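Visitor: I have a model open and would like to walk through its strands, helices and domains. Could you take my questions one at a time?

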Amino acid sequence: MADVIDDLEAEQEALAAVLTGLAAADWDRASAASGWTVADVVLHLAQTEEAVAATAGGDSRAVDWRRFGTTVDAAMGAMVRAQADSGPEVLARWQAARRESVRALRAADPRRPLRWVSASLKPRTLATTRLAEHWAHALDVTGPLRIDYPDTGRLRHVAWLGFSTLPYAFHLAGRPAVPVYCDLRGPDGTRWTFGDPSAESAIAGPAGAFCRVGAQRLAPAGSGLQTRGPHGAEALRLLRNYAVV
């Protein structure tokens, strides 16, 4: 389990390097997350990392998102509005929360599922979802501020998450899951493959684009990804690497 937690921590460190270099005015700038400032994005990350630490640490006081809204997105928005704060304060809160969540994930029993959103996830999978969320929200911050945030090999975890949750994505759409082969190219040119190569349907192309489509930060039509087979295009359209309720 150490590899994904190490990479989660590295992703957080990369974002921390960006955030600690922001000017005071940058925190109030609009992020790419609709309706949220940069400070709001970091507050959301702080709140969710606090939730990770609580659930991984067995703390019964963990906040239930259903108290704030009927959907995950509505609840997250309400939580951010309820605790909106200035840039330095949310940065300090996130820094403390992320360190505590990493410690809790490292200490967790890797075989015991942890309660998260609407399901239970083993610590390794929860760490993977946290890496995916930090990476996606880092794009929300760095894109509008025109700060370089290059893709890394850590995206392999995000790509795996998108592939492994394709059955969930089909289920959300009311469609039966089908085998899909993913043949992706990592940032350094390494080939990343997921699934059965003999599957009739496939998605191929840059891993960074695949991950952005899954995070809904890039439209499938503009991704440069190629699909084949009876369900390849549908799988790309439904691809997601986060939960929705």
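Visitor: In what order do the four strands of the open sheet lie?

Guide: Keep in mind that this is a predicted model. The sheet is open and its pairing is mixed. Neighbouring strands are turned by 10 degrees against each other on average, direction ignored. The order is S4-S3-S5-S6.

Visitor: Which are the edge strands?

Guide: An edge strand here pairs on one side only. In the order S4-S3-S5-S6, that description fits S4, residues 191-194, and its counterpart at the other end. The edge strands are S4 and S6.

Visitor: How many bridges join S3 to S5?

Guide: S3 covers residues 180-185 and S5 covers residues 201-206. The two run parallel. Tyr181 has Ala202 as its bridge partner, Asp183 stands opposite Ala204, and Leu184 stands opposite Gly205. The number of bridges joining S3 to S5 is six.

Visitor: Do S5 and S6 run parallel or antiparallel?

Guide: S6 spans residues 226-228. Three bridges join S5 to S6, and one pairing sets Ile203 against Thr227 in S6. The sense is antiparallel.

Visitor: Which residue in the hairpin of S3 and S4 takes a positive phi?

Guide: S3 and S4 pair in the antiparallel sense over four bridges. Arg185 has Arg191 in S4 as its bridge partner. Between the strands of the hairpin there are five residues. The residue with a positive phi, near 90 degrees, is Gly189.

Visitor: Which helix lies across S3, S4 and S5?

Guide: Two helices are worth setting side by side. H6, residues 155-164, lies across S3 and S4 and runs at about 25 degrees to S4. The helix lying across S3, S4 and S5 covers residues 207-214 and runs at about 115 degrees to S5. That helix is H8.

Visitor: What separates the centres of domain 1 and domain 2?

Guide: The domain assignment gives domain 1 as 4-145 and domain 2 as 154-238. Their contact takes 15 residues from domain 1 and 11 residues from domain 2. Taken over C-alpha atoms, the separation of the centres is 25 Å.

Visitor: What area is buried between domain 1 and domain 2?

Guide: The size of an interface is often given as the accessible area lost when the parts come together. Between domain 1 and domain 2, carbon and sulfur atoms give 70% of that area. The buried area is about 1,100 Å².

Visitor: Which helix gives the largest share of the side of domain 1 that touches domain 2?

Guide: Start with the polar side of the interface. The count is two salt bridges between the domains, and three residue pairs are in polar contact, both residues at pLDDT 80 or more. On the side of domain 1, H1 (2-19) and H5 (123-145) each supply at least two residues. The largest share, 10 residues, comes from H5.

Visitor: Which side chain meets Arg154 in a salt bridge?

Guide: Side chains of opposite charge can pair when their charged atoms come close. For the Arg154 pair, the N to O distance is 2.5 Å. The partner is Glu11.

Visitor: How many residues apart are Glu49 and Arg130?

Guide: The structure holds 16 salt bridges. One of them joins the side chains of Glu49 and Arg130, at 2.6 Å, N to O. The pair links distant parts of the chain, with Glu49 in H2 (residues 38-56) and Arg130 in H5. The spacing is 81 residues.

Note on methods: Residues are numbered from 1 along each chain as its sequence is written. Side-chain values use heavy atoms; hydrogens and water are left out. Two strands pair if DSSP finds at least two bridges between them. Axes are lines fitted to C-alpha atoms, for helices over the stretch in contact, and angles run from 0 to 180 degrees between N-to-C directions. Contact means heavy atoms within 4.5 Å. Domain bounds come from an automatic or database domain assignment. Buried area is the accessible area (1.4 Å probe) that two parts lose on being put together, summed over both. A salt bridge is a side-chain nitrogen of Lys or Arg within 4 Å of a carboxyl oxygen of Asp or Glu. A polar contact is a pair of N or O atoms within 3.5 Å; within protein, one must be able to donate a hydrogen and the other to accept it, and residues adjacent in sequence count only if both atoms are side-chain atoms.
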